[in-house]
Amino acid sequence: MTLFPDLTGKALSRWMLADGPESDTVISSRVRLARNIEGLPFPHLMTPERGEKVVEMVRRAFASKDAAKLGLDDAEVIRMSEMSVVDRQVLVEKHLISPNLARNSTTGAAAITPDESVSVMINEEDHIRIQCLYAGLQLREALYRADRVDDLLEGKMEYAFSENRGYLTACPTNVGTGMRASVMVHLPALVINNKAGQVFTTVVKLGFIVRGLYGEGTEAVGNIFQVSNQVTLGQSEAEIVQNLRNVVEQIIAQEKEARESLMSEMKEQIEDKVGRAYGILLYGHVFSSKEAMQYLSDVRLGVDLGLLPQVNRQVLNELLVAIRPGYLQKMAGRELDPWERDTMRADLIRSRLRPDGQASASASA
């Protein structure tokens with residue numbers, strides 16, 4: 001497998017090398033389409049033989065001439081059974097696969113492009129989950145790419161589809177378009193001003209949901225949240241994406257207003273908060289994951305406010321993955337106990353944040 005070493009050996013995906021629109025607030029945009037194949041049981045009811053059939057169907061689709069025309073023939077299908085537990089955990093930390101797929105070492109697989117902007121999960125909750133990731137606020141671009149992948153696969157297999165209900169999925173909440181669109185946002189000023197809860201309450205009333213860094217069931221760390229649609233039935237994919245974009249643009253406006261308020265009303269306190277966080281990260285020797293994420297959030301705020309021009313935002317994006325347990329153990333080449341992870345995490349942060357450590361944001365940590 002030619003792609004495999006880069007997938008788990010580097011923390012920064014190539015698609016994140018360029019800043020996207022609203023990158024001072026929005027880290028990434030994602031569109032995910034859930035699809036199932038007509039005539040086959042859902043993955044949790046499938047035999048290993050049928051699961052392998054789905055993997056092979058996807059593999060052939062990406063090896064076809066149609067895939068080459070769309071520039072998707074460089075995607076590589078990787079089976080979970082061929083990966084170690086740590087390697088699978090790294091892919092979860094990079095948002096390329098879900099924890100559910102990582103646990104499926106029998107029939108689970110993923111087709112991933114070299115730049116990691118396209119990841120097709122195979123035999124997760126559904127037979128196929130197409131995921132497209134873009135930097136910044138680029139929901140329309142992500143949807144366009146996801147639709148191209150969807151067209152490719154639908155041209156090679158028959159989807160389970162109802163004229164009344166749309167695409168049929170293992171979970172009823174995905175029936176219809178089968179689409180989940182989400183935007184990962186960094187909202188430190190709203191949290192500092194104690195306005196985040198009020199904003200999220202309004203967002204939920206509008207039919208959207210706010211989750212933590214790794215989606216459903218995860219807590220928000222480092223002031224990073226995922227905002228996504230709840231409704232998948234009764235609206236088109238384009239309408240869902242536009243409605244989500246409208247909501248996110250309002251969140252961005254409120255975050256920027258909160259940042260301006262902080263700088264006008266408590267500039268010295270914010271400068272102190274940012275400076276302390278930067279200094280602690282530069283000279284600290286032991287950090288838990290949660291503690292590191294909070295200090296990195298403060299440093300990111302400083303970068304976005306122009307207080308830390310020496311810090312590269314891409315390095316901060318890289319560290320979102322590089323300080324996670326799976327990646328640290330991958331780099332160490334062995335299992336690490338919590339204390340070893342905390343000290344290695346601090347070593348890594350110091351090396352990446354010092355000026356001579358920022359020559360290449362895409363370098364392996």
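This talk covers helix packing, aromatic pairs and a few backbone details in one predicted model.

I'll start with the helices near the end of my list, α12, α13 and α14. Two packed helices are described by the angle between their axes and the distance between the axes.

Take α12 and α14 to begin with. Helix α12 covers residues 313-322 and helix α14 covers residues 338-353. Their packing angle is about 165°, and the axes lie 11 Å apart. Angles over 145 degrees count as roughly antiparallel, and α12 and α14 are therefore roughly antiparallel to each other. The crossing of α12 past α14 is right-handed. Who makes the contact? On the α12 side we have Val315, Leu316, Glu318, Leu319 and Ala322. On the α14 side we have Leu348, Ile349, Arg352 and Leu353. Sorted by class, the contact of α12 with α14 holds seven nonpolar residues, two charged ones and no polar ones.

Now α13 against α14. Here the angle is about 85° and the axes are 10 Å apart. The window for roughly perpendicular is 65 to 115 degrees, so α13 and α14 are roughly perpendicular to each other. From α13, the residues involved are Pro325, Leu328, Gln329, Met331 and Ala332. They meet Arg341, Met344, Arg345 and Leu348 of α14. That contact of α13 with α14 divides into six nonpolar residues, one polar and two charged. Note that Leu348 of α14 appears in the contact with α12 and again in the contact with α13.

Staying with α13, which spans residues 325-332: Pro325, Gly326, Tyr327, Leu328 and Gln329 are buried there. Just after this helix, Gly333 has a positive phi of about 75°.

Next, the aromatic rings. The count comes to four aromatic pairs, and I'll show two of them. For Tyr159 and Tyr167, the ring centres are 6.0 Å apart and the planes stand at 75°, so this pair is edge-to-face. Both Tyr159 and Tyr167 are buried. For Phe287 and Tyr295, the centres are 6.1 Å apart and the planes are at 70°, so that pair is edge-to-face as well. Phe287 is buried, at a relative accessible area of 2%. There is also an aromatic cluster, formed by Tyr159, Phe161 and Tyr167.

Last topic: positive phi angles elsewhere in the chain. Helix α4 runs over residues 85-93, and its buried residues are Asp87, Arg88, Val90, Leu91, Val92 and Glu93. Just after α4, His95 takes a positive phi of about 65°.

Then there is Glu116, in the loop between β3 (109-112) and β4 (118-122). Glu116 is not a glycine, yet its phi is positive, about 65°. Is Glu116 buried or exposed? With a relative accessible area of 3%, Glu116 is buried, given that buried means under 20%.

Asn123 sits in the loop between β4 and β5 (128-135). Asn123 has a positive phi of about 60°, and again this is not a glycine. Asn123 counts as buried, at 2% relative accessibility.

To recap, α14 is roughly antiparallel to α12 and roughly perpendicular to α13. The two ring pairs I showed, Tyr159 with Tyr167 and Phe287 with Tyr295, are edge-to-face. Glu116 and Asn123 each have a positive phi without being a glycine. That's what I have.

Methods:
Residues numbered from 1 in each chain as written. Predicted model: local features only at pLDDT ≥ 70, side-chain atom pairs only at ≥ 80, totals over all residues. Heavy atoms only, no water. Buried < 20%, exposed > 50% of the residue type's maximum accessible area, 1.4 Å probe, protein only. Helix = DSSP H or I, 4+ residues; strand = E, 2+ residues; numbered from the N terminus. Axes fitted to C-alpha atoms, helices over the stretch in contact; angles between N-to-C directions. Parallel < 35°, antiparallel > 145°, perpendicular 65-115°, else oblique. Left-handed = near helix turned anticlockwise from the far one by under 90°. Contact = heavy atoms within 4.5 Å. Nonpolar A, V, L, I, M, F, W, Y, C, P; charged D, E, K, R; others polar. Phe/Tyr/Trp six-rings, centres within 6.5 Å; stacked < 30°, edge-to-face > 60°.
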